[in-house]
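Subject: Structure for you to look at

Dear colleague,

I am handing over the structure below, and my notes on what was found in it follow. Please read them with the structure open beside you.

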Amino acid sequence: MKNKAIFYAIGDLHGSAKLLLEALQKIENETKNLQNLDIFVFFVGDFGFVFYDDESEKTKKVSILQRFNFNFIVILGNHENYKAIYSLKTSKRFNGKVYVDKDIDSLVYVENGEVLTIDDKNFWYYGGGISVDQEWREVREMLYNIKTWWEEEIDETNFDKGITNFKSKKIDVILTHDVPLCVFNKLVYFFDCTSKKRSPLQGYFDYIYFDLNGKSSLWIAGHYHPEKILKFNNLYILPIGKVFKLFNE
């Protein structure tokens with residue numbers, strides 16, 4: 001008998017072992033009495049366990065994730081070590097291109113613009129976003145030769161591929177780190193995000209939202225660290241470390 005797939009998303013973690021463990025334990029507790037399950041966990045950017053790409057991150061990541069028999073899928077954020085992630089081996093999983101973590105085979109990082117098909121549902125991914133601390137990180141690199149900012153945080157190279165893939169299937173779920181510009185403009189009225197910068201990526205998401213009818217899909221994002229889940233029609237912005245179940249059936 002085919003296993004039933006169940007899907008969760010988790011908000012930004014920024015490498016916090018405590019938040020990661022708490023989130024995964026919550027999912028484990030919710031599903032422990034269910035049989036024949038394939039559990040998929042999406043991290044909506046700023047996962048943070050390949051940021052400095054050092055042994056301390058590796059130890060935390062491996063010791064926690066290996067405790068859970070889940071499938072882990074990372075959407076790239078704006079606080080990521082793109083050099084380290086893009087150097088990982090690539091693979092075709094769930095009909096989409098991913099980068100496979102060098103320590104844990106069940107952990108993958110999705111290339112921007114890809115669609116993964118899981119249990120007859122299509123998930124469209126596009127990561128990245130502008131960092132308000134970009135200048136500080138660039139100065140830190142000059143002073144201490146420690147690189148923590150990469151140009152790939154705003155990736156326009158996969159815009160065309162993303163549109164082509166979006167049009168090729170009925171998209172059930174959109175997973176991004178940032179949000180469409182139309183939603184960002186509303187955020188200013190809800191809480192203090194005025195320091196966040198507008199970007200070409202947000203305009204691109206507006207095109208997905210309006211012109212390609214992305215507003216009819218469930219849309220999950222992170223990046224803004226609200227105190228509680230923010231909902232704009234079909235789009236949800238998750239707080240740091242927040243667990244969100246994608247479907248309730």
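How many salt bridges does the structure hold? Before the answer, please keep in mind that this is a predicted model; the structure holds 11 salt bridges, and I describe several of them further down.

The sheet

An open sheet of 7 strands, with mixed pairing, has the order β4-β5-β6-β3-β2-β1-β13. The edges are taken by β4 (90–93) and β13 (243–245), each of which has a single partner strand, so one side of each is left without a neighbour in the sheet. On average, and with direction ignored, neighbouring strands of this sheet are turned by 35° against each other. At the β13 edge, the pairing with β1 (residues 4–10) is antiparallel and extends over 3 bridges, and within it the bridge partner of Y8 is K245 in β13.

The helices α1 and α2

Helix α1 lies across β1, β2 (37–44), β3 and β13, and runs at about 150° to β1. In helix α2 (residues 55–65) the buried residues are E57, K61, V62, I64 and L65, and what covers them includes α1 (17–31), β3 (71–75) and β6 (107–110).

The nonpolar cores

The largest nonpolar core has 34 residues, and those with the most contacts inside it are L24, F47 and Y109. The elements that give two or more residues to this core are β1, α1, β2, α2, β3, α3 (82–86) and β6. Leaving aside residues up to four places away in sequence, Y109 touches F47, V50, K61, V74, L76, I85, L88, V98, Y99 and D101. Apart from this core lies another, of 26 residues, among them V179, F205, A221 and L235. As a general background to such cores, nonpolar side chains tend to be buried together in soluble globular proteins.

The salt bridges

Within helix α1, K18 forms a salt bridge with E22, and the closest N and O atoms are 2.7 Å apart; the two residues are 4 residues apart in this helix, about one turn. K18 counts as exposed, at 57% relative accessibility, whereas E22 is partly exposed, with a relative accessible area of 39%.

Two further pairs link parts that are separated in sequence. D53 forms a salt bridge with K102, with the closest N and O atoms 3.2 Å apart; because D53 lies in the loop between β2 and α2 and K102 in the loop between β5 (96–100) and β6, the pair ties together parts that are 49 residues apart in sequence. Of these two residues, D53 counts as partly exposed at 36% relative accessibility, and K102 counts as exposed at 56%.

The side chains of E114 and K161 also meet in a salt bridge, at 2.9 Å from N to O. Here E114 lies in the loop between β6 and β7 (115–118) and K161 in helix α5 (residues 159–168), so this pair ties together parts that are 47 residues apart in sequence. Is E114 buried or exposed? At 8% relative accessibility, which is under the 20% limit, E114 counts as buried, while K161 is partly exposed, with a relative accessible area of 22%.

Finally, K58, K61, D101 and D103 are linked in a network of salt bridges. Two members of this network, K61 and D101, are also among the residues that Y109 touches, and K61 is one of the buried residues of α2.

With best wishes

How values were computed. Residues are numbered from 1 along each chain as its sequence is written. This is a predicted model: local features need pLDDT of at least 70, side-chain atom pairs count only at pLDDT 80 or more; totals for chains, interfaces and linings use all residues. Side-chain values use heavy atoms; hydrogens and water are left out. Buried means under 20% relative accessible area, exposed over 50%, partly exposed in between (1.4 Å probe, protein chains only). Contact means heavy atoms within 4.5 Å. Two strands pair if DSSP finds at least two bridges between them. Axes are lines fitted to C-alpha atoms, for helices over the stretch in contact, and angles run from 0 to 180 degrees between N-to-C directions. A salt bridge is a side-chain nitrogen of Lys or Arg within 4 Å of a carboxyl oxygen of Asp or Glu. A nonpolar core is a set of buried Ala, Val, Leu, Ile, Met, Phe, Trp, Tyr and Cys residues joined through side-chain atoms within 4.5 Å.
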